[in-house]
2 protein chains.
Amino acid sequence: MSLKNVTIYDIAREAGVSAATVTRVLKNSPSVKDATREKVRKIIDVHGYAPSSVAQDLGSGNTKTIGMILPSIRNPYYADLVSAADAEARARGYSLWLYQIPQEEKITAGVVGNLIARRLSGAFFIGSFVDVDRPDLRLLLDKLGKYMPIVAICPPRENLGFICMYHNLDGAVRQAVRHLNLLGHRRFAMIGGAEHLEDSGARALSFLDELRILDLPAPPEYGHLGGGDPSAGQQEVLRLMTRLPKEQRPTALLCYNDLVALGALHQLRQMGLRVPEDVAVIGCDNQFFCPFTAPPLTSIDMQTEEHGRSAVRELLSASKNQSATIVRDASLIIRESCGAKLGWQDRG
Amino acid sequence: MSLKNVTIYDIAREAGVSAATVTRVLKNSPSVKDATREKVRKIIDVHGYAPSSVAQDLGSGNTKTIGMILPSIRNPYYADLVSAADAEARARGYSLWLYQIPQEEKITAGVVGNLIARRLSGAFFIGSFVDVDRPDLRLLLDKLGKYMPIVAICPPRENLGFICMYHNLDGAVRQAVRHLNLLGHRRFAMIGGAEHLEDSGARALSFLDELRILDLPAPPEYGHLGGGDPSAGQQEVLRLMTRLPKEQRPTALLCYNDLVALGALHQLRQMGLRVPEDVAVIGCDNQFFCPFTAPPLTSIDMQTEEHGRSAVRELLSASKNQSATIVRDASLIIRESCGAKLGWQDRG
DNA sequence: CAAAGAAATGTTACCGGTAACATACACACG
DNA sequence: CGTGTGTATGTTACCGGTAACATTTCTTTG
């Protein structure tokens, strides 16, 4: 209706007081006479006035806004993370500013400028794209780190110069291998993920080491990972099940994430292979659809929501250039896709 | 590193010019001598300076920020919408500010104040929770509408006093019914959604009317909808298949969304009912997992991404209190869950 | 070579809050 | 009745940009 927003001066004028008094009323300062307070409150209510946080931010130098830099909110894992972080942030008077940067997009100076310009209270850098091989990303992080605390929610990394949070999959991966081995599986494969990703690598080490401990053969052609979406799962299953001689085909698949597992399950079904009788499948992230796949998907739970909440707490108590590493353990959630029937208990 | 952000005055001082000249350099004004321009540019680069958008926003009165009010980003439909909107917004120099309000949360004056305080360029109000029965929501929308243009992405509604975008499911629902009827189905049910939701109602009307046209019986007990997540699908299937006498049990299920369908598929499987041989299932939203369910889920495609992009365009060309209704048609995507085998074409 | 005009740069005020400081007024007390 | 001590309120400057206007510094030309 009004072309211009109502300001504190409009309220002050109408109440016949100064702007400072209006501020005092807004801040519940005790040094305002009751009559004045009531008069000002009433006018504030009539106009539905709320003080501009833009002006407040400029004055205080604190925007109470957290940047969320991630490849895409469509990935359900990121959505879970962001949702939990948003709730925690709002409870603390902060809010989230979304900034998607598609995985394949090169980060330009303009993007860096955008992020710095916002004068954020801090930023999350979420995604498997934290990658030292990409100079544009290093540059973004280095520049951003000069202006605000950064928390990277990313694959395991060495000291990056800021807070780095990731999931420790070692125990869960080893447990998965042992569990499947107890059920009789001897030929394993990991599918999905990208070769250069640190977290594919870390879990691969646990995986291979556990195979070694159990004296099982390492999978042939290991290392062809192929992506993080359902089509990657499809393609990898197709490749493994057609290109390998029958006696070398894996009977147990550890998938990079649940999306990959979804594609794998689908491809196995199409090829007439039964899960878990012919092939066992395990996913990762324990996403909402895991209990509803056919068969229900065994997965590795990452405590995603707690991770997101804790990330906000860390960020808000951090200062610029603070460096730390926070690791959250993951746990195996056993469902039917790895051979257990409902009610089956893990003996591994 | 530096405790204080670099300002335009720091740059100006170091370059031996005035702040206005630095602004001119930043804005590529032609009336700056080349030598000056170079000198200033270099100092800007050294410091990684970018002008504070907080200050710019205050000066210009335009934050170029769009509020995203929605129940939860975890719902993949909303995530798709937000992701597309974010890309479109950024391409136009705008960015998104996330504000989740859980469905069941009462909207307080504090929330309203928060949203007004941000001096947003506009706001999206996304979700099935646009509901006249909730006075807190009406109040929020009425107050917000005084300050910024609003686009509601919501179920079909009468004139709300702002731009309202929704999906027209009429054609797709009728097509689904005809398609299933051609395959021999005579007993239909809709499951999921909430009784009071306008969009459940709208599609229910199309559904019931098409049944009438085809001279098919209306489902018994229609109206018990039960929610929008997989567990709702599970429960509704359980209810329909156990509480109804066998000859009244539906053989074709239209689900409120794909999440409900996921739960329905799972429950049917658990009960030993085959899809599509015994029961046909159709979802809605055509989410990423539809091609990968068992069997692949027939669904109604909402053009979600185009909807999100177009919403941004509408919002940015709208003014306060502008009222309009924008309807996007949906289309049926036939997969195997409704009886078609791969390659089957719709003859309806 | 001076005046006119263009080009380059500087000065100022404002956007909307807030905190520090200043001031005004009431009442109590010696 | 002057002074002191609160209490209630007003004034001012600043946060970091930017646009309008003012001013200085060149060119150009009669």
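**Entry 1: a phenylalanine pair in chain A**

I began with Phe289(A), which counts as buried because its relative accessibility is 1%, and I note at the outset that the model I am reading is predicted. I then looked up Phe288(A), which has a relative accessible area of 26% and is therefore partly exposed. I counted the aromatic pairs over all chains and found that the structure holds ten. For Phe288(A) and Phe289(A) I read ring centres 5.3 Å apart and planes at 85°, so I entered this pair as edge-to-face, since planes over 60 degrees apart fall in that class.

**Entry 2: a tilted pair in chain B**

I turned next to Trp97(B) and Tyr99(B), where the ring centres lie 5.4 Å apart and the planes stand at 45°, so that I had to call this pair tilted. I checked the accessibility of both partners and wrote down that Trp97(B) and Tyr99(B) are each buried.

**Entry 3: one cluster and two arginines**

I went back to the phenylalanines and saw that Phe288(A) and Phe289(A) join Phe288(B) and Phe289(B) in one aromatic cluster. I also looked at what lies over the ring of Tyr99(B), and found Arg90(A) over its face, at 3.6 Å from the ring centre. For Tyr99(A) I found the charged end of Arg90(B) over the ring, 3.6 Å from the centre.

**Entry 4: the surroundings of DNA strand C**

I listed the 26 residues around DNA strand C and noted that the ones that come nearest are Ile8(A) and Gln56(A) from one chain, with Ser18(B), Arg24(B) and Thr36(B) from the other. I sorted the residues of this surface by character and obtained ten nonpolar, ten polar and six charged. Looking from the side of the DNA, I noted that sugar or phosphate accounts for 60% of the strand C atoms within 4 Å of the protein, while the rest belong to bases.

**Entry 5: single contacts and the helices behind them**

I looked up which parts of DNA strand C meet particular residues, and found a phosphate oxygen 3.0 Å from a side-chain N or O atom of Tyr49(A). I found a base nitrogen of the strand 3.4 Å from a polar backbone atom of Ala55(A), and a base oxygen 2.5 Å from an N or O atom in the side chain of Arg24(B). I then asked which elements give two or more residues to the surface near the strand, and wrote down H1 (8-15), H2 (19-26) and H4 (53-60) of chain A, along with H2 (19-26) and H4 (53-60) of chain B, every one a helix. I closed the entry with H2(B), which gives the most to this surface, with three residues.

Terms used: Residues are numbered from 1 along each chain as its sequence is written. Chains are lettered from A and ligands numbered from 1 in the order in which they are written. This is a predicted model: local features need pLDDT of at least 70, side-chain atom pairs count only at pLDDT 80 or more; totals for chains, interfaces and linings use all residues. Side-chain values use heavy atoms; hydrogens and water are left out. A residue is near a molecule or strand if one of its heavy atoms lies within 4 Å of it. A polar contact is a pair of N or O atoms within 3.5 Å; within protein, one must be able to donate a hydrogen and the other to accept it, and residues adjacent in sequence count only if both atoms are side-chain atoms. Helices (H or I, at least four residues) and strands (E, at least two) are DSSP runs, numbered from the N terminus. Ala, Val, Leu, Ile, Met, Phe, Trp, Tyr, Cys and Pro count as nonpolar, Asp, Glu, Lys and Arg as charged, and the others, Gly among them, as polar. Rings of Phe, Tyr and Trp (its six-membered ring) pair if their centres lie within 6.5 Å; planes under 30 degrees apart count as stacked, over 60 as edge-to-face and the rest as tilted. Buried means under 20% relative accessible area, exposed over 50%, partly exposed in between (1.4 Å probe, protein chains only). A charge sits over a ring if NZ of Lys or CZ of Arg is within 6 Å of the ring centre and within 35 degrees of the ring normal.
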